[in-house]
Amino acid sequence: MTTLTLDRIAAMFENHGTAYYGGEDISQTAHALQCAQLAEQAGESEALIVAALLHDVGHLMLAESSTTDMRHQEAGADALGALFGADVTEPIRLHVAAKRYLCAIDPAYFNTLSPVSVHSLQLQGGVYDGEQAAAYAAMPHALEAVRLRRYDDLAKVVDLATPSLTHYLDMAARCTRAA
Ligand code: FE
């Protein structure tokens, strides 16, 4: 299993951040920064802002490996577990499940999804039924993951100004287990 450090995370954004964010018109780095900015503007904790920044770190990891594992949320959360606590890793782990949950409880939400996101929803198992939605909502960090999901969905604006990657990596350093 991969174990990430802050230096490795910075290097991955440097080396792979310019790649396009799955089917959308912005880069991985722009998407990550916009997601973090939305969390910051909403007054979220630094842990959730860092989770927003790093929610797709599993995609950057896949760019460095030959695996075709689709479960980027698990790969990312597991790789960050030595560095951060559950308040960072679990919203990341749950951000795909949060989409399946939101589609189940909020019919208007589904209509806001981009075509790419609708397609990936099917690959990710589709909309939860009532029982699955209730089980999701009972999990720790489920609500933080739902808020992260909403920032994720909005973080696709071409040419939006954001704070720098350094601003958020400094915040990440403050949120590590060692800090
Ligand atoms: Fe994302």
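Biologist: What spacing do the donors of the iron ion follow along the chain?

Modeller: They follow Y-x9-H-x23-H-D-x95-D. Keep in mind that this is a predicted model, where local features need pLDDT of at least 70 and side-chain atom pairs count only at pLDDT 80 or more, while totals for chains, interfaces and linings use all residues. Numbering starts from 1 along each chain as its sequence is written, and side-chain values use heavy atoms, with hydrogens and water left out.

Biologist: What makes an atom a donor of the iron ion?

Modeller: A donor is an N, O or S atom within 2.8 Å of the metal (3.2 Å for Na, K and Ca), and since water is not among the atoms, sites may look incomplete. Tyr21 (OH), His31 (NE2), His55 (NE2), Asp56 (OD) and Asp152 (OD) coordinate the iron ion at 2.2 to 2.3 Å, so they pass the 2.8 Å cut-off.

Biologist: Where do His55 and Asp152 lie in the chain?

Modeller: His55 is in the loop between helix H3 (46–54) and helix H4 (57–63), and Asp152 is in helix H10 (residues 142–154), 97 residues apart, so the pair links distant parts of the chain. A helix here is a DSSP run (H or I, at least four residues), a strand is a run of E (at least two), and both are numbered from the N terminus.

Biologist: Why is His55 called buried?

Modeller: Buried means under 20% relative accessible area, exposed over 50%, and partly exposed in between, using a 1.4 Å probe and protein chains only. His55 has 1%, so it counts as buried. Asp152 is also at 1%, and is therefore buried.

Biologist: What makes H3 largely enclosed?

Modeller: Eight of its nine residues are buried, so the rest of the structure largely encloses it. Among them are Ile49, Val50 and Leu53. The cover over those buried residues includes helix H1 (6–16), helix H2 (28–41), H4, helix H6 (86–105), H10 and helix H11 (165–175).

Biologist: How do you know that the protein chain is as compact as a globular protein of its length?

Modeller: The chain has 11 helices and zero strands. Its radius of gyration, taken over C-alpha atoms, is set against the globule rule: 2.2 Å times the number of residues to the power 0.38. The chain comes out at 15 Å, close to the 16 Å that the rule gives for 179 residues, so it is as compact as a globular protein of that length. The C-alpha trace spans about 40 × 35 × 35 Å along its principal axes, and 46% of the 179 residues count as buried.

Biologist: Which residues lie nearest the centre of the largest pocket?

Modeller: His59, His72, Val96, Ser120 and Gln124 do, out of 31 lining residues. H6 gives the most to that lining, with seven residues.

Biologist: What makes something a pocket rather than a cavity?

Modeller: On a 1 Å grid over the protein atoms alone, a cavity is a set of points where a 1.4 Å probe fits but cannot get out, whereas a pocket is an open set with protein on both sides within 12 Å along at least five of seven lines; lining residues have an atom within 4 Å of a point.

Biologist: Why are Asp159 and His141 put in separate exposure classes?

Modeller: Asp159, in the loop between H10 and H11, has 77% relative accessibility, so it counts as exposed. His141, in the loop between helix H9 (130–137) and H10, has 23% and therefore counts as partly exposed. Phi is positive in both: near 65° for Asp159 and near 70° for His141. Most residues other than glycine have a negative phi.

Methods: Contact = heavy atoms within 4.5 Å.
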